[in-house]
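Student: I have a model open and want to learn how to read it. Where should we begin?

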Amino acid sequence: MSRDILENEEPNSLRWKIARAREILQREGWRSYFYRIVARCGYRRVDWYVGDLARASPPPDFDCPFSIRTLAPEDLPAYLQFRPEVDKRVFLDRLSRGSFCHAAWFDERIVSATWVSIGEAYLEFFGRDFPMTSDGVYLFDSFTLRAFRGRRIPGLIYAATAAQLMAQGSLYAATFIEPKNRPMRRARLRDGFVRAGYASDFRLGPLHCVRDRREPWSGRS
């Protein structure tokens with residue numbers, strides 16, 4: 001019923017707004033709906049999750065038809081085909097800053113990718129860095145094509161690259177997840193991550209307040 005209204009009613013009409021609210025509540029729950037409302041008032045919050053790289057393992061009974069590799073500048077056309085909404089400068093700027101992208105390929109195209117930076121966590125929509133220890137890696141902008149979701153491919157990418165990250169001196173991985181993103185939260189919890197705090201950003205006119213309430217990684221994930 002809600003889907004019919006969303007498809008046929010005038011966007012932003014009262015019936016459309018009620019149907020949209022019901023859809024979000026059913027799909028994401030009350031917690032996510034609350035944070036969507038306060039975001040309209042200038043408040044944003046993300047939860048901080050950490051995981052021990054030594055405990056990373058592929059999903060059980062995973063029949064892997066995907067190849068995992070780190071993208072290079074010449075992979076830009078394939079990445080833009082995968083994420084056409086992304087400006088090519090974002091891809092190149094991330095590489096120039098020292099970040100790298102681990103991607104899963106299927107049938108000669110990218111179907112899932114996760115960006116990684118070492119020793120720093122830059123949250124793009126907050127526009128600021130959050131300090132990390134030098135033995136940590138930050139996972140961000142993880143995305144999977146809709147047709148391939150539910151197959152735990154981000155977990156496969158994480159497990160497949162953990163040994164490489166540890167060989168470079170990293171011990172743990174961390175990521176920010178928005179409260180509304182329940183699929184990613186569930187996926188990272190299955191990968192062995194635990195919640196270890198949050199960061200929030202509040203903007204109202206000239207007022208700008210950022211809070212960082214993250215616990216340091218202690219090796220107990």
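Tutor: Start with accessibility. Buried means under 20% relative accessible area, exposed means over 50%, and partly exposed lies in between (1.4 Å probe, protein chains only). Arg 69 has 37% relative accessibility, so this residue counts as partly exposed. This is a predicted model, where local features need pLDDT of at least 70 and side-chain atom pairs count only at pLDDT 80 or more, while totals for chains, interfaces and linings use all residues. Residues are numbered from 1 along each chain as its sequence is written, and side-chain values use heavy atoms, with hydrogens and water left out.

Student: In which strand does Arg 69 lie?

Tutor: Helices (H or I, at least four residues) and strands (E, at least two) are DSSP runs, numbered from the N terminus. Arg 69 belongs to strand S2, residues 67-70.

Student: Which residues does Arg 69 touch, leaving out those up to four places away in sequence?

Tutor: Contact means heavy atoms within 4.5 Å. With that sequence filter, Arg 69 touches Asp 75, Cys 101, His 102, Ala 103 and Trp 105. Take Trp 105. Arg 69 and Trp 105 are 36 residues apart in sequence, yet their C-alpha atoms are 8.1 Å apart in space.

Student: What joins the side chains of Arg 69 and Asp 75?

Tutor: A polar contact is a pair of N or O atoms within 3.5 Å; within protein, one must be able to donate a hydrogen and the other to accept it, and residues adjacent in sequence count only if both atoms are side-chain atoms. The Arg 69 and Asp 75 side chains have one of 3.1 Å. Now a second term. A salt bridge is a side-chain nitrogen of Lys or Arg within 4 Å of a carboxyl oxygen of Asp or Glu. Asp 75 and Arg 69 also form a salt bridge, at 3.1 Å from N to O.

Student: Is Asp 75 buried or exposed?

Tutor: Asp 75 is buried, because its relative accessible area is 9%. Its partner Arg 69 is partly exposed.

Student: How many salt bridges does a search of the whole structure find?

Tutor: The search finds 13. Look at Asp 141. One salt bridge links Arg 83 with Asp 141, and the closest N and O atoms are 3.3 Å apart. Arg 83 sits in the loop between helix H4 (76-82) and helix H5 (88-96), and Asp 141 in strand S7 (residues 136-144), so this pair ties together parts that are 58 residues apart in sequence.

Student: With which other arginine does Asp 141 form a salt bridge?

Tutor: With Arg 94, the closest N and O atoms being 2.8 Å apart. Arg 94 is in helix H5 and Asp 141 in strand S7, so here the parts tied together are 47 residues apart in sequence. Salt bridges with shared partners join Arg 83, Glu 85, Arg 94, Glu 124 and Asp 141 into one network.

Student: What is the accessibility of Arg 83, Arg 94 and Asp 141?

Tutor: Arg 83 is buried at 9%. Arg 94 is buried at 3%. Asp 141 is partly exposed at 26%.

Student: Where does Asp 107 lie, and what is its phi value?

Tutor: Asp 107 is in the loop between strand S3 (100-106) and strand S4 (109-118). Its phi is near 55°, a positive value in a residue other than glycine. Asp 107 is exposed, because its relative accessibility is 65%. Glu 108 is found in the loop between S3 and S4 too. Phi of Glu 108 is near 65°, also positive in a non-glycine residue. Glu 108 is exposed at 75%.
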